[in-house]
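Colleague: Pick one buried spot in this model and take me through it slowly, please. Then work outwards from there, and tell me which cut-offs you're using as you go.

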Amino acid sequence: MNAVWAHITIWAFSAVVLTIIGYAIWGAEGGWAVLAVVLAVWLIWQFYYILKLVRWIESPKINKMPGSKSMLWAEVFSMLLEQAKSRKKRKQKLTSALQRFYRASEAMPNGMLILDKTGRISWMNGLAVEHLNLNPQSDMNGILRNVVRLPEFIEFLDKPLTNETHEIKIMLPKDGGISERTLNVTRTP
């Protein structure tokens, strides 16, 4: 933040000194003209760096962070670079944790579905696909009660949300015929 104040101080001091020189050489009108020119140059310079920043924000890449000869913009770009690196690290950690979760859930001896607040399937493991005869491509993001249209299962979904296990007998198509399965199902918030 000190670089910001240093930048502002240098420009303000330069503007005052040049305005006084302009006033001394050309009078009041000359002083105002010099001040206008100094402020116009400063404004154009700021717009130049704003455009560099906007271009970078449109396609942010850590290795393509804009550089600057201005203390102010060097500070801004430095802070943005640190934030971008921090976000990248957090994203890598979250991705790694999510991959570990997926591997662990596939190793679980139970089928598992994760639903969003509207009841849409946001994730399912392989055993859930097998137990409920789901299609991972077409049923993902589908509303569970519309995807699994078994009366026993819909009745289970309509019950109050508890951690209790319920036994459900369901009939599923299998190898051109019908297979009866007994599932122990639990819903957890």
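Modeller: Let's start at Ser105, which touches Met112, Trp123 and Asn125 once residues up to four places away in sequence are set aside; contact here means heavy atoms within 4.5 Å. Before going on, keep in mind that this is a predicted model, where local features need pLDDT of at least 70 and side-chain atom pairs count only at pLDDT 80 or more, while totals for chains, interfaces and linings use all residues. Residues are numbered from 1 along each chain as its sequence is written, and side-chain values use heavy atoms, with hydrogens and water left out.

Ser105 sits in helix 2; helices (DSSP H or I runs of at least four residues) and strands (E runs of at least two) are numbered from the N terminus. Ser105 has a relative accessible area of 1%, so it is buried. For that label, buried means under 20% relative accessible area, exposed means over 50%, and partly exposed lies in between, using a 1.4 Å probe and protein chains only.

Helix 2 spans residues 71-107, and its axis comes within 7 Å of the axis of helix 1 (residues 2-58), with a crossing of roughly 15°. Those axes are lines fitted to C-alpha atoms, for helices over the stretch in contact, and the angles run from 0 to 180 degrees between N-to-C directions. That makes the two helices roughly parallel, the label for angles under 35 degrees; over 145 is roughly antiparallel, 65 to 115 roughly perpendicular, and the rest oblique. The crossing is right-handed, meaning the near helix is turned clockwise from the far one by less than a right angle, whereas anticlockwise would be left-handed.

Who meets whom there? On the helix 1 side the residues include Ala3, Ile10, Tyr49, Leu53 and Trp56, and on the helix 2 side Met71, Trp73, Phe77 and Ala84 are among them. The residues of this contact split into 14 nonpolar, two polar and two charged. In that count Ala, Val, Leu, Ile, Met, Phe, Trp, Tyr, Cys and Pro are nonpolar, Asp, Glu, Lys and Arg are charged, and the others, Gly among them, are polar.

Tyr49 is worth a pause. This helix 1 residue counts as buried at 5% relative accessibility. Apart from neighbours within four places in sequence, Tyr49 contacts Gly67, Ser68, Lys69, Ser70, Trp73 and Phe77.

Further along the chain, Phe153 belongs to helix 6 (residues 151-158) and is buried too, at 4%. Leaving out residues up to four places away, Phe153 touches Leu132, Leu144, Val148 and Ile168. Phe153 and Ile168 are 15 residues apart in sequence but 7.0 Å apart C-alpha to C-alpha.

Two loop residues catch the eye as well. Asn133, in the loop between helix 3 (126-131) and helix 4 (136-139), has a positive phi of about 55° without being a glycine, and is partly exposed at 42%. Asn141, in the loop between helix 4 and helix 5 (144-147), likewise has a positive phi, near 75°.

Zooming right out, the protein has six helices and four strands, in the order α-α-β-β-α-α-α-α-β-β. Its radius of gyration is 32 Å, well over the 16 Å the globule rule gives for 189 residues, so the protein is more spread out than a compact globule. That radius is taken over C-alpha atoms, and the rule is 2.2 Å times the number of residues to the power 0.38. Along the principal axes, the C-alpha atoms fill a box of roughly 100 × 35 × 30 Å, and 24% of the 189 residues count as buried.
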